[in-house]
Amino acid sequence: MNRVILLVVAALLFSGPAYGWDGTDTETGASIEIGKGNLVREGRDIEIYDNETGDYRDVTIEDINRHGSGVEIEVYDSESDEYRTFEMEDD
């Protein structure tokens, strides 16, 4: 019985949510999430989650600009062949 309790407690401690970086697509207004573990640097490929479409997409970071209380990230989405701009929350 004690072993089961220990396993449940360990599972709860080590299976917390994977927090990401939340923002908004400036053109569509869709909520965007950059998942934990993505290295956000110019020229890097990252995975985003688009809440409007419910899809994960791989994009290439073209430009990063900090302004005010946020960060603007311009990405290239090769699947749709379009550039997108995200306003990310700066926590």
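I began with Tyr49, which is partly exposed at a relative accessible area of 22%, where buried means under 20% relative accessible area, exposed over 50% and partly exposed in between, with a 1.4 Å probe and protein chains only. What I have open is a predicted model, in which local features need pLDDT of at least 70 and side-chain atom pairs count only at pLDDT 80 or more, while totals for chains, interfaces and linings use all residues. I also noted that residues are numbered from 1 along each chain as its sequence is written, and that side-chain values use heavy atoms, with hydrogens and water left out.

**Confidence.** I looked up the pLDDT, the predictor's confidence in each residue from 0 to 100, and found a chain average of 84, with 78% of the residues scoring at least 70. Over residues 6-17 the pLDDT is below 50, and this stretch has zero contacts in the model beyond near neighbours in sequence; contact means heavy atoms within 4.5 Å.

**Aromatic pairs.** I found two aromatic pairs in the structure, counting rings of Phe, Tyr and Trp (its six-membered ring) whose centres lie within 6.5 Å, with planes under 30 degrees apart called stacked, over 60 edge-to-face and the rest tilted. The rings of Tyr49 and Tyr56 have centres 4.8 Å apart and planes at 55°, so I entered this pair as tilted. Tyr56 is exposed, because its relative accessibility is 56%. Tyr76 and Tyr83 form a tilted pair as well, with 4.9 Å from centre to centre and 50° between the planes.

**The barrel.** I then traced the strands, which are DSSP runs (E, at least two residues) numbered from the N terminus, and which pair if DSSP finds at least two bridges between them. Six strands make a closed barrel in the order S1-S2-S3-S4-S5-S6, with antiparallel pairing. Neighbouring strands of this sheet are turned by 45° against each other on average, direction ignored, the axes being lines fitted to C-alpha atoms and angles running from 0 to 180 degrees between N-to-C directions.

Strand S1 (residues 21-25) runs antiparallel to S2 and is joined to S2 by four bridges, and Asp22 stands opposite Glu33 in S2. Their hairpin has five residues between the strands, and there Gly29 takes a positive phi near 80°. On the S3 side, S2 pairs with strand S3 (residues 45-50) over three antiparallel bridges, and Tyr49 in S3 is the bridge partner of Glu33.

Which side chains of S2 (residues 31-34) are buried? I found Ile32 and Ile34 buried on one face, while Ser31 and Glu33 point to the other face and are not buried.

**The core.** The largest nonpolar core has twelve residues, including Ile32, Ile34, Val71, Ile73 and Val75; such a core is a set of buried Ala, Val, Leu, Ile, Met, Phe, Trp, Tyr and Cys residues joined through side-chain atoms within 4.5 Å. S5 gives the most to this core, with three residues.

I looked more closely at Val75, which lies in strand S5 and is buried because its relative accessible area is 0%. Strands S5 (residues 70-77) and S6 (residues 82-89) pair antiparallel over eight bridges, and Val75 stands opposite Arg84 in S6. Leaving out residues up to four places away in sequence, Val75 touches several others, among them Val59, Ile61, Tyr83 and Phe86. Val75 and Gly43 are 32 residues apart in sequence and 9.3 Å apart in space, C-alpha to C-alpha.
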